[in-house]
Amino acid sequence: MGTAFDDTSRSRQPHRVAIPPAKPFLQTLKSNLKETLFPDDPFRELKKQPSASRKLLLGLQYFIPILEWAPRYTFAFFRADLVAGITIASLAVPQGISYAQLASLPPIVGLYSSFVPPLVYAMLGSSRDVAVGTVAVASLLISTMLGKEVSPVENPKLYFQLAVTATFFAGVFEASLGFLRLGFIVDFLSHATIVGFMSGAATVVCLQQLKGILGLVHFTHETDIVSVMRSIFTQTHQWRWESGILGCCFLFFLLTTRYFSKRKSYFFWINAMAPLTSVVLGSVLVYFTHAEKHGVQVIGNLKKGLNPLSITDLAFGSPHLEGVAVGRSFAQYKNYHIDGNKEMIAFGTMNIVGSLTSCYLTSGPFSRTAVNYNAGCKTAVSNIVMAVAVMFTLLFLTPLFHYTPLVVLSSIIMAAMLGLIDYEAAFHLWKVDKYDFAVCLGAYVGVVFGSVETGLVIAVAISLVRMLLFLARPKTGLLGNIPNSMIYRSMDQYPNAESVPGVMILQIDAPVYFANANYLRERISRWIDEEEDKLKSRGGSSLQFVILDMTSIGNIDTSGISMLEEVKKNTDRKELKLVLANPRSEVIKKLDKSQFIKTIGQEWIYLTVAEAVAACNYMLHTCNPKHVTTAEANGQDSNV
């Protein structure tokens with residue numbers, strides 16, 4: 001191997017590592033802010049426009065997308081959107097009523113929330129497929145967090161005021177994140193965390209529905225599994241068998257329709273129509289059998305009419321500003337499937353307007369969006385069609401829901417939530433990444449055995465801890481030469497990779513910051529000690545050079561530079577030579593400004609690992625590296 005490297009070193013001139021020219025601080029700051037807040041460069045089209053009027057039009061189209069696609073809208077699109085809108089309306093009506101019950105709000109509020117918000121999103125939203133409406137997990141958050149402050153039974157007016165206030169703050173917080181281009185904050189929730197949290201929340205919602213399935217009147221306000229099970233089994237004498245049989249039958253019907261829709265995609269409409277069919281059948285059954293007189297609870301009267309204004313209901317001066325916390329926490333979790341700051345602005349504005357028109361938290365539920373997509377929607381007009389259908393229901397059809405049994409609503413919620421318990425994703429996490437599975441399990445257990453709030457806190461905390469661990473404990477590893485090549489790769493990944501006699505090549509796989517500088521200093525020292533002990537035990541050549549492959553170090557701060565200086569002192573004490581390979585632009589710039597390049601010597605910085613190894617081999621075969629002077633190193637550099 002030595003001969004090969006000698007030949008290479010004599011025939012090829014090593015490339016010097018360039019130090020990029022210095023840029024003014026303000027220019028660098030502007031560039032960094034642009035990359036952080038505008039990675040997609042959303043206004044690049046405006047720069048190409050010659051006139052101010054054209055720029056204004058494009059700007060309005062960016063913030064109000066309906067202005068962009070409406071002029072191109074065709075009758076063929078309308079036919080597709082009409083079918084999709086009616087289809088999702090058939091799902092929105094029963095789900096709206098059901099989820100309002102889950103949020104401990106009047107059922108009519110669920111219908112209100114399926115009327116105004118979709119109209120707002122149709123104007124401001126950029127997705128063609130998202131179907132707007134109430135969400136089960138958000139409804140549960142409203143119920144559990146606000147229910148601790150105010151009883152929805154004893155003080156329904158104040159409870160409603162806090163619900164719309166929570167919606168207002170959720171909208172303000174989310175729209176602010178969008179306008180300030182801070183949507184990347186939601187990325188701190190990893191996929192594993194979301195799977196665990198959503199599955200746990202779905203489990204809790206299903207357990208809560210046992211109250212309706214069993215026909216119980218009194219039920220615990222806690223959401224953990226222990227409290228729910230205790231509440232259920234201490235009231236066995238109050239279970240209503242009529243309600244239980246009815247609930248199990250409708251749950252079986254809903255799950256069966258979902259099963260067939262998954263088996264054959266063209267049966268999606270069966271699953272989409274199943275909730276409304278259940279409501280109609282349940283209402284007819286109760287009406288003709290007078291089941292409400294035999295323990296089957298019904299919705300009762302729903303007042304006709306469109307959304308009343310609720311501006312005066314916003315409780316900014318209330319001592320129960322739990323709504324702020326609800327808004328912030330919900331805005332963080334609900335956007336795991338929303339792409340971009342523009343969508344955050346649309347959803348935030350939607351919730352702000354909704355809070356002023358008697359609506360509570362709305363989003364883009366996955367199940368309804370999937371139905372909208374499968375129904376063949378072309379644009380956001382499907383949301384407008386759905387809103388018109390809900391408006392028609394509010395104006396004329398609300399009396400028909402008088403006999404709708406609550407057990408049917410519980411069945412609808414339970415069927416929807418069972419689909420959110422993603423055990424397949426959990427198995428996949430276990431198979432691919434055990435740590436991710438532990439994160440998922442932690443979030444799930446926190447929700448099921450604690451509370452939704454506890455689970456949400458645990459989910460966010462686990463995500464942040466894992467991110468900090470990745471930063472504070474970066475991977476390091478030895479590199480070896482792939483036989484018959486000039487390629488150097490991890491010796492763990494490539495067992496056939498060969499170490500270079502007298503040279504240790506160490507790779508650091510992360511930026512070097514204050515959070516990991518001390519760890520890296522200690523870890524590099526340990527690598528050196530272990531390598532020296534290994535060479536002594538084998539009786540081979542002693543260690544002479546330590547090459548740091550800096551390819552993966554995208555940036556470094558002053559703590560990181562201090563760490564390199566200490567590593568340099570450590571290698572000097574051991575009479576070893578420290579060599580750097582491929583420092584990136586930001587790294588070499590800071591090393592130059594800190595005078596570290598002068599400390600280590602320009603001649604010990606190489607563009608590639610291969611060139612660094614070739615130089616080390618040259619030194620090993622021409623002179624004693626422990627006594628190499630700068631002149632000798634420069635001479636070697638000029639002869640390479």
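How many nonpolar, polar and charged residues does the lining of the second largest pocket have? The lining divides into 17 nonpolar, 19 polar and four charged residues. The points below set this pocket beside other parts of the structure.

1. Basis and overall make-up. The structure is a predicted model. Its chain holds 29 helices and eight strands. Of the 640 residues in the chain, 51% are buried. The accessible surface of the chain is about 30300 Å², and carbon and sulfur atoms account for 62% of that surface. Where contacts in the chain join residues at least 6 apart in sequence, 80% of them are between residues at least 24 apart.

2. The second largest pocket. This pocket encloses about 1000 Å³ of space. Its lining consists of 40 residues, and those nearest the pocket centre are Gln101, Leu102, Ser104, Ser143 and Lys211. At least two lining residues come from each of α6, α9 (136-147), α10 (156-179), α12 (210-213) and α20 (406-418). With five residues, α20 gives the most to the lining.

3. Serine 104. Serine 104, one of the residues nearest the centre of the second largest pocket, is placed in the loop between α6 and α7. Its phi is positive, at about 60 degrees, although serine 104 is not a glycine. The relative accessible area of serine 104 is 27%, so the residue is classed as partly exposed. A reviewer may wish to view this backbone conformation together with the pocket.

4. Helix α9. Which residues of α9 are buried? They are Ala136, Val137, Ala138, Ser139, Leu140, Leu141, Ile142, Ser143, Thr144, Met145 and Leu146. Because 11 of its 12 residues are buried, α9 is largely enclosed by the rest of the structure. From first C-alpha to last, α9 reaches 16 Å, close to the 16 Å expected at 1.5 Å a residue. Ser143 of α9 is buried, and Ser143 is also among the residues nearest the centre of the second largest pocket.

5. Tyrosine 360. This residue lies in the loop between α17 (341-355) and β2 (362-363). Tyrosine 360 has a relative accessible area of 1% and is therefore buried, the limit being under 20%. Beyond residues up to four places away in sequence, tyrosine 360 touches Tyr99, Ala100, Ala103, Leu105, Val109, Gly110, Ser113, Thr134, Ser139, Ile142, Thr167 and Asn351. Among these partners, Ser139 and Ile142 are buried residues of α9. Tyrosine 360 and phenylalanine 160 are 200 residues apart in sequence, yet their C-alpha atoms are 9.0 Å apart in space.

6. Threonine 167. Threonine 167, a contact of tyrosine 360, belongs to helix α10. Its relative accessibility is 0%, so threonine 167 counts as buried. Apart from residues up to four places away in sequence, the residues touched by threonine 167 are Asn351, Ser355, Cys359, Tyr360 and Leu361. Asn351 is thus named for threonine 167, and Asn351 is named for tyrosine 360 as well.

7. Helix α19. Does the span of α19 agree or disagree with the expected value? The 17 residues of α19 (residues 381-397) should span 24 Å at 1.5 Å a residue, and the end C-alpha atoms are 23 Å apart, which agrees. Buried in α19 are Val381, Ser382, Asn383, Val385, Met386, Ala387, Val390, Thr393 and Leu394. The cover over these buried residues includes α5 (66-69), α6 (75-102), α7 (107-112), α8 (116-124) and α18 (366-374). Within this cover is α6, which also supplies at least two residues to the lining of the second largest pocket.

8. Leucine 548. Leucine 548 is part of strand β6 (residues 545-549). At 1% relative accessibility, leucine 548 counts as buried. Leaving aside neighbours within four places in sequence, its contacts are Leu506, Ile524, Leu564, Leu578, Val579, Leu580 and Ala581. The C-alpha atoms of leucine 548 and isoleucine 508 are separated by 7.6 Å, while the two residues are 40 residues apart along the chain.

9. Asparagine 582. Asparagine 582 sits in the loop between β7 (577-581) and α26 (585-593). Its phi is near 55 degrees, a positive value in a residue other than glycine. With a relative accessible area of 22%, asparagine 582 is partly exposed.

Note on methods: Residues numbered from 1 in each chain as written. Predicted model: local features only at pLDDT ≥ 70, side-chain atom pairs only at ≥ 80, totals over all residues. Heavy atoms only, no water. Helix = DSSP H or I, 4+ residues; strand = E, 2+ residues; numbered from the N terminus. Expected span 1.5 Å × (residues − 1). Buried < 20%, exposed > 50% of the residue type's maximum accessible area, 1.4 Å probe, protein only. Contact = heavy atoms within 4.5 Å. Areas by Shrake-Rupley, 256 points an atom, 1.4 Å probe, with all protein chains shown as cover. 1 Å grid on protein atoms, 1.4 Å probe; cavity = no way out; pocket = protein on both sides within 12 Å on 5 of 7 lines; lining within 4 Å. Points joined across faces, edges and corners; volume = space filled by probe spheres on them. Nonpolar A, V, L, I, M, F, W, Y, C, P; charged D, E, K, R; others polar.
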